[in-house]
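Visitor: Please take me through one part of this structure up close. I would like a single strand and its surroundings, step by step.

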Amino acid sequence: MSTPLNRPSPLPVRERAACMCSHGDRCSSFAPGHALHLIQARIASATPAEWVDALVESADALTGDLVVRTLDGDVHALWNAPGAALEAAPGTPVALHGRYGVLAVGRTQFNVAAL
């Protein structure tokens with residue numbers, strides 16, 4: 001006779017899961033605005049025509065909110081938990097990949113969520 005498997009249902013597991021960045025640790029989620037996944041970075045790099053240049057208009061390091069304006073005048077409100085707002089002060093030139101939600105500040109890339 002075998003022992004029955006004790007598998008929790010998906011609901012309690014999902015309720016217990018929390019990103020570590022909300023506790024001040026390294027981001028443990030790949031959801032929009034959290035850690036940048038390697039595949040996300042690679043597909044953004046593989047579609048170079050979709051990057052747009054922009055300037056940071058405002059950045060709030062406490063909330064992670066950023067507002068960037070492209071050179072065409074489009075405004076994008078973004079959010080990032082791991083610290084894009086710390087790296088990109090107002091006036092900083094950045095590049096935004098809108099389709100895959102990647103913000104490049106210099107050589108550093110961040111996963112961003114559109115607000």
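Guide: Contact here means that heavy atoms lie within 4.5 Å. Keep in mind that this is a predicted model.

Let us take strand β2, residues 65-70. Begin with its side chains. L66, V68 and T70 point to one face and are buried. D65, V67 and R69 point to the other face and are not buried. There is a general pattern behind this. In a regular strand the side chains alternate between the two faces of the sheet.

Now look at the neighbours. β2 pairs with β1 in the antiparallel sense, over 6 bridges. In that pair, A59 stands opposite L66 of β2. The hairpin of β1 and β2 has 4 residues between the strands. There, G64 takes a positive phi near 85°.

Next comes β3, residues 75-79. β2 and β3 are also antiparallel, with 5 bridges. V67 has A77 in β3 as its bridge partner. This hairpin has 4 residues between the strands, and G73 takes a positive phi near 100°.

Step back to the whole sheet. It is an open sheet of 7 strands, in the order β6-β5-β4-β1-β2-β3-β7, with antiparallel pairing. β6 and β7 stand at the edges with a single partner strand each, so one side of each is left without a neighbour in the sheet. Helix α2, residues 38-45, lies across β1, β4, β5 and β6. The helix runs at about 115° to β6.

Now return to the buried face of β2. The largest nonpolar core has 14 residues. L66 and V68 are among those that touch the most other members, along with L78, V94 and L103. β1, β2, α3, β4 and β5 each give two or more residues to this core. In general, nonpolar side chains tend to be buried together in soluble globular proteins.

V68 deserves a closer look. Leaving out residues up to four places away in sequence, V68 touches A54, L55, V56, E57, D74, V75, H76, L78, V94 and L96.

One of those contacts, V75, sits in strand β3. V75 is partly exposed, with a relative accessible area of 45%. That label fits because partly exposed covers the range between the buried cut-off, under 20%, and the exposed one, over 50%. With the same sequence neighbours left out, V75 touches V67, V68 and R69. What separates V75 from L55, 20 residues apart along the chain? Their C-alpha atoms are separated by 9.7 Å.

Terms used
Residues numbered from 1 in each chain as written. Predicted model: local features only at pLDDT ≥ 70, side-chain atom pairs only at ≥ 80, totals over all residues. Heavy atoms only, no water. Core = buried A, V, L, I, M, F, W, Y, C linked by side-chain atoms within 4.5 Å. Buried < 20%, exposed > 50% of the residue type's maximum accessible area, 1.4 Å probe, protein only. Pairing = 2+ DSSP bridges. Axes fitted to C-alpha atoms, helices over the stretch in contact; angles between N-to-C directions.
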